[in-house]
Every structure is written in structure tokens, then in C-alpha cells.
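Hi everyone, thanks for making the time. Let's take a look at this structure together, and I'll point out a few places to rest your eyes.

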Amino acid sequence: MTKSVEPMKMPSLWLSAGIIVMIGTVLTTGITAGIATIPLLTLNIVLVAVVSLLSGYPYRELEQGMMEGVRRSIDCVMILIFVGVLIAGWILCGTVPMLIYYGLSVVSPKLLLPLAFLLCSLLSLCTGSSWGTAGTVGIACVSIGASIGIPVAVVAGAAISGSILGDKLSPLSDATIMAASASGTGLYQHVRSMAYTTAPSFLITLLIFYFMGAAYADTPMHPAVVETVRGTLAEIYQFSPLLLLPMAAILVFSLMRMPAIPAILLSGLLGLFLAVAIQGVDVSTAISAILQGAASNTGVEIVDSMLNKGGITAMLSTLCTAVLALGLGGILSRAGYLHVLVEAISRRVKTDRGTVILTLFCGMITLCLVAQFYVSVALMGTMFGEIYDARRIHRSVLSRTLEESNTIMLPLVPWNTSAVYYMGLFGFHNLAFAPYLVFSYVNIAICLLCVLSGLFIFRRRADNPAETDWKWHEPVSDSAFAQEA
């Protein structure tokens, strides 16, 4: 006779909320004290497991939940590994340096702000790295602005705006990959869904920075920084139109709907091949860059900071953070904490519009609470996935909303590592650049406008729920939803 397995009891709402508050307290306190995220996540996993065991949950169930969460991160892990290869290949062959070289040649005082935004947008779209973009083109633009009298905070705001735009939209970005993975949607479905709100936000932001830059039209420009960067890059690279091939390849692969892993890897390997064929890099150096990334020792600090990027090693911290965050989310889901919170939240959601708006504001609150993108996205993706499935809203809407409540908000949370990074990078002791993060504010406004008007709340296809029905549908209220069901 087979022994029946007694189902796990559901936790109380107070215990579930207390667990979330505990996680947020540990992360916020630890990060504020300068402790790295990885040990804080590990500590949270231990604390949640101990509280769960004391509450009567069997260890085997908790372990299974953690393993299920980690398994969800496998695609994310593999893509991030190959993104490291791609960045190393693009820098080593000269694709990224060529973009910087020719981009800086068109800078003028009037156009500095829109060009800083545009160049950082393009570079972060190509590399998927907001920090790398801000630390390369961003720091160069800020240096130019400072030399001609444009306030550092203003130029930094334009550079960070462009950096987070690309970080939000690029299929190579760890943020984009993580949001899609945590929400259980395809990477390219996620990117296409984001394009509906990001494209108009980009154009409006570019226009705003153009008019802001017009105030500095008569400022005399000091070309020393630009010439130093361009001269150093010209000395160590042979520029050629062929260096655009890795970028063209990733665009073609995306249009062909090739899976992200082979597309990213092939583009990176093409970059390494061009590094050998055009730049004369040793084959052994090119192969070593797969692990160690590109290396530069020109003696020019700005240029070296631009070029010392990429490689699998550079991704290890991000990989560990993603795995631990999803593992923690798996435990929370398996023990029922998230299900209890979802049930309490879903009772207050009456419309499709309300579902998306609630996701947006809960994402912002969770980010402020846990102070870490990966944790916030993992928790929110697991918590709200069931609600979107129940209302037959495609999860690409969930993943898009998670990015708009998390990725673009990162520089505005002062105890978040991104905000701390940008403050240190540009020499601020506070969020002096916050008023000039135009893209963040515009994107939030566009998101709310679209939701309130019922635009871009895509449904799942009736014949294949995994696919998105990109047609416009009138948002469904609870009464209509009940009739439809």
C-alpha cells in the first residue's frame, strides 16, 4: 500500500509578509553597510530555510523548491556566459572602439546632451552593459562637458539615461535576460513587448535633451579630451567597415528569430576572428579573451577603462547573483509564501489595467525594499506570473512591466549598487544626477499612459498560450472576464 503524502500547509499572510520584510531588511541593511549581495543572498536563503523548518516545512520540499528556481536560471546563465564572450570579441576586434571613435568626432556643445544620450543608448544596446557604457562613452562625455562648462550632473543624467535604455532593451543585457527568465517568457517576445513603450520614450527623451542642450550652444569647446581618446584609439586599432559585421550579425540573427544563445555566441566568435584577421591579434590572445576578456594598457586611463571589458570571468558575480536570487525565489514559491501574497493581492485586482499598474508599483516598492534588481525581478516574476496566466495576459507584458519598475529605477534608489556605482563614477556624494534622468521619468509616464488607455496589454494566443497575440484587445474587467471564462 502506497503511503499518501500529506500536502504542505499554506503559511499565514502575516508569516508570508514577515518573510519578505526579513529578506528586504537583510539586503537593505547589508548593502548599506557595504556588504556584497552574494553573501547577503546566501544568508537570506539560510534564514528563510530555518524559519520554514521551524514552521513545520520538510527540508526535502524546500530543497526541491530551491532546485526548481535554480533550474529556471540555466538559460540565463548560458546567455550571460556567451555575452561575456561577445563583449570581449567586439572590443578586441575594434567594433566598440570604432563606435566611440567616430561618435566622438561629431560632438559639439549644442549637441553634447542629445549625443551623449544617443551614443550611450547605442553602445548599451550593442553591449547590453549600462555600467560599461557609462564608464566608457559616459565618462568621456562628462569630461568634455566639464571642460566646456556644462554641469557634470546634467551630462551624467544624459549618459545614464542612454545607458539604462540600452540595458533595458538590449537582448544582450543581463537585466533583459533576467526579466524574461524570471517571468517565464521568451527573450525576443520580451524585447518586442518592451519596444512598444521604449521607442516613443526614446524619441521624447532625445527631443528633451536636444532642447536642454540648446542652452549651451554658444559655449566654446575644448577638444583635448576628445582628441586624446580618438588619438589613442587610432594608434591601437585599424578601423574598417568590416568591423560592423558583428553588430550586423546580431541584428540579422535577431530578425531571423535565431535563439539567443547561438546568436550571441556566433557574433562574439566573429568578433574574435576579426580581431585576428584585421587587428593582428595572436590566436592565443583571442582564445584567452573568451575567459579573461579584452585587456588594454595604453596608459590613458579613460581609454583603458573603455577597453578592459568582457570575458566569462567578468560575468561570474552576475551569474552567482542570478542563481542565488532565483533559488531564493524557488524556496519562497515552494513553501507557499508567494502564493499567499499573490492570493491576497489578486483579490484587490479587478481589471487588466489594475493588474499591470499593481505590478508596476509593487515592483518599485520591492526594489526599494530589497535594493537588488535580481531579487526584485525574481520575486515579482514568480508572484505575478499566476495572476497574468489567470487573466490570460501574456507574460511578455509582465516582463516588460518588471523592467519598467526595476531596470530604469535602479539609479534612483540611493542604496542600490547601481546608484552607488554612478555616484562614484562621476564623483557625486548624492543623487545629483537624479533630476536629469529624463528617460526614467518619460518611460514611466508612457507606461502609465499606455496602461490607462488600454494599449499594449497583449493577450496569449488561443491556439498557443506560449505565443503572444500582438493584436490590440480591449482590456477585460472582472465581470467581462467571468463571462469570457
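**A walk from the rings to the core**

Let me start with one residue: Phe-433 is buried, with a relative accessible area of 0%. Please keep in mind that what you see is a predicted model.

Phe-433 has an aromatic partner, Phe-428, and this pair is tilted, with 5.9 Å centre to centre and 50° between the planes. Phe-428 is buried too, at a relative accessible area of 16%. In general, two numbers describe such a pair of rings: the distance of the centres and the angle of the planes.

How many aromatic pairs does the count come to? It comes to 13 aromatic pairs. One of them joins Tyr-237 and Phe-239, and that pair is stacked, with 6.3 Å centre to centre and 10° between the planes. Now, are these two buried or partly exposed? Tyr-237 has 10% relative accessibility and the cut-off for buried is under 20%, so Tyr-237 counts as buried. Phe-239, at a relative accessible area of 21%, is partly exposed.

Let's follow those rings a little further. Tyr-237 and Phe-239 belong to a cluster, linked by ring pairs, that also takes in Tyr-101 and Tyr-102. Tyr-101 has a charged companion as well: Arg-230 lies over the face of its ring, 4.0 Å from the ring centre.

Tyr-101 brings us to helix α5, which spans residues 95-104. Eight of the 10 residues of this helix are buried, so α5 is largely enclosed by the rest of the structure. Among those buried residues are Thr-95, Pro-97, Tyr-101 and Leu-104.

Next, the core. In soluble globular proteins, nonpolar side chains tend to be buried together. Here, the largest nonpolar core has 147 residues, and the members touching the most others are Ile-264, Leu-332, Phe-384 and Phe-426. Which helix gives this core its largest share? That is helix α4, residues 74-93, with 14 residues.

If you'd like one core residue to click on, try Ile-264. Leaving aside neighbours within four places in sequence, Ile-264 is in contact with Ile-79, Phe-82, Val-83, Leu-86, Pro-171, Leu-172 and Ile-250.

Last stop, the cysteines. A search of the whole structure turns up zero disulfides. Cys-120 is buried, with a relative accessible area of 0%. Cys-362 has a relative accessible area of 19%, and buried means under 20%, so Cys-362 is buried as well.

That's my tour, and I'm happy to go back to any of these spots with you.

Note on methods:
Residues are numbered from 1 along each chain as its sequence is written. This is a predicted model: local features need pLDDT of at least 70, side-chain atom pairs count only at pLDDT 80 or more; totals for chains, interfaces and linings use all residues. Side-chain values use heavy atoms; hydrogens and water are left out. Buried means under 20% relative accessible area, exposed over 50%, partly exposed in between (1.4 Å probe, protein chains only). Helices (H or I, at least four residues) and strands (E, at least two) are DSSP runs, numbered from the N terminus. Rings of Phe, Tyr and Trp (its six-membered ring) pair if their centres lie within 6.5 Å; planes under 30 degrees apart count as stacked, over 60 as edge-to-face and the rest as tilted. A charge sits over a ring if NZ of Lys or CZ of Arg is within 6 Å of the ring centre and within 35 degrees of the ring normal. A nonpolar core is a set of buried Ala, Val, Leu, Ile, Met, Phe, Trp, Tyr and Cys residues joined through side-chain atoms within 4.5 Å. Contact means heavy atoms within 4.5 Å. A disulfide is a pair of cysteine sulfur atoms within 2.5 Å.
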